[in-house]
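Please work through the following exercises with the sequence and the model at hand. Each task is followed by a solution in steps.

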Amino acid sequence: MSVRNIGYCCINLTVGHLKTSRDIKKATWLTPVGIELAVDCGIKNAIDILEILKWNELYGIKSYRMSSNLLPWMSEYEICDLPRFDELHQAYKNIGNYVKLHNHRVTFHPGHFNVIASLREDVVQKSIIDLSRHGEIMDLMGLDRSPFYAINIHINSLQPSKPEACERFVQTFSGLPLCVTSRLTLENDDSPNQYGVQDLYDGICKFIKVPIVLDFLHYEYGPDCNSKLPEMMSLAFSTWGNITPLTHMSSTRQLEEPKARKIAHADYIYNLIPEHQQDFDCELECKAKDLALFKYQNELQNLAHLILK
DNA sequence: CCAGGTCAAGGGAGT
DNA sequence: ACTCCCTTGACCTGG
């Protein structure tokens, strides 16, 4: 087996009381106590992240994507200026210590509003701030500045053209803080018009050190779909140096709801994660979260049992 | 207390 | 032109 660690994203459906995306709405944020409410959410979210990691450890799960809603409205302030910052920092340090002690891998997947290649300067600036906060939180956790702890995004712009958007991405990248550039990764898209592994490699990775996160479902529907998957895996994995590459796995929702759009994610996985001679980690993007991970592992065991017989 | 409406944000694709 | 999809369901109000 070349898949080393399989993880899930953000929500644990088994332990229902743990929440890591406590948030406040704009109207609440704008009240005089908005900032206290925001940091209170942040501290509670961080405490629950640690509880989820402990639960993961109990079940042998070493890979976990953290929510990007960890700290409400974080683009609106400097984290170190928050009231109760020491308390928040301690909660983050506890996470980082646990991650390192038990060899877990945690990542971020910041939202689609981050478009650092955007033609709109205001969008670029907001994206830089949001990505910086993600990097700063990982710094506060004491996590290495390495794409092992990936901050993974899409290019998310085709304007004014693919090559020019890549150029803008490369330019903006050089202005990002080290806490981001040292961890930033790029994921292949799910549409033939957008960015495949080859596009990312040619347009970005030849110029700056940004590893490619290969999403197996997106590969099916993206520009690379006529290429051989093993070759695309080799190409994506070659961008990781000596760091274990990260991948994403999911199944199309059409297998559960024929009328759903093919790029929508299913509750569970219906295909095996592809194999490769090189080890890699894999985050499952399933609506059923940890339940999907267990179901996949159980089916794998059944399969192995049948093969052995 | 619960159900339902609503929520900061970009961009592209499907209808 | 409008809705849905991606990332993260959870907040908040009115009954």
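The exercises below treat a DNA strand, a helix residue, a strand and backbone geometry.

This is a predicted model, in which local features need pLDDT of at least 70 and side-chain atom pairs count only at pLDDT 80 or more, while totals for chains, interfaces and linings use all residues. Residues are numbered from 1 along each chain as its sequence is written, chains are lettered from A and ligands numbered from 1 in the order in which they are written, and side-chain values use heavy atoms, with hydrogens and water left out.

**Exercise 1.** Determine which residues come nearest to DNA strand B and which side chains lie by its phosphate oxygens.

Step 1. Near means that a heavy atom of the residue lies within 4 Å of the strand. Around DNA strand B there are 17 residues, of which Lys25, Lys26, His112, Ser118 and Leu158 come nearest. Of the strand's atoms within 4 Å of the protein, 54% belong to sugar and phosphate.

Step 2. A polar side-chain atom of Ser118 is 2.7 Å from a phosphate oxygen of strand B. For an N or O atom in the side chain of Asn193, the distance to a phosphate oxygen of the strand is 3.0 Å, and for one in Arg120 it is 3.5 Å.

**Exercise 2.** Establish whether Ser132 is buried or exposed, and what it touches.

Step 1. Ser132 belongs to helix α4, residues 121-141; helices are DSSP runs (H or I, at least four residues) and strands likewise (E, at least two), numbered from the N terminus.

Step 2. Its relative accessibility is 6%, so Ser132 counts as buried (buried is under 20% relative accessible area, exposed over 50%, partly exposed in between, with a 1.4 Å probe and protein chains only).

Step 3. Leaving aside residues up to four places away in sequence, Ser132 touches Pro177, Cys179 and Val180, contact being heavy atoms within 4.5 Å.

**Exercise 3.** Identify the strands that pair with β8 and describe how its faces are covered.

Step 1. Strands pair if DSSP finds at least two bridges between them. Strand β1 (residues 3-9) pairs with β8 in the parallel sense over four bridges, with Val3 bridged to Phe280.

Step 2. Strand β7 (residues 246-249) and β8 are also parallel, over four bridges; Thr247 stands opposite Cys282.

Step 3. Phe280, Cys282 and Leu284 are buried on one side of β8, and Asp281 and Glu283 are buried on the other.

**Exercise 4.** Locate the cis peptide bond and state its omega.

Step 1. Most peptide bonds are trans.

Step 2. The bond from Gln159 to Pro160 is cis, with omega near -10 degrees. Pro160 is placed in the loop between β4 (151-153) and α5 (162-173).

Methods. Polar contact = N/O pair within 3.5 Å; in protein donor to acceptor, adjacent residues only side chain to side chain.
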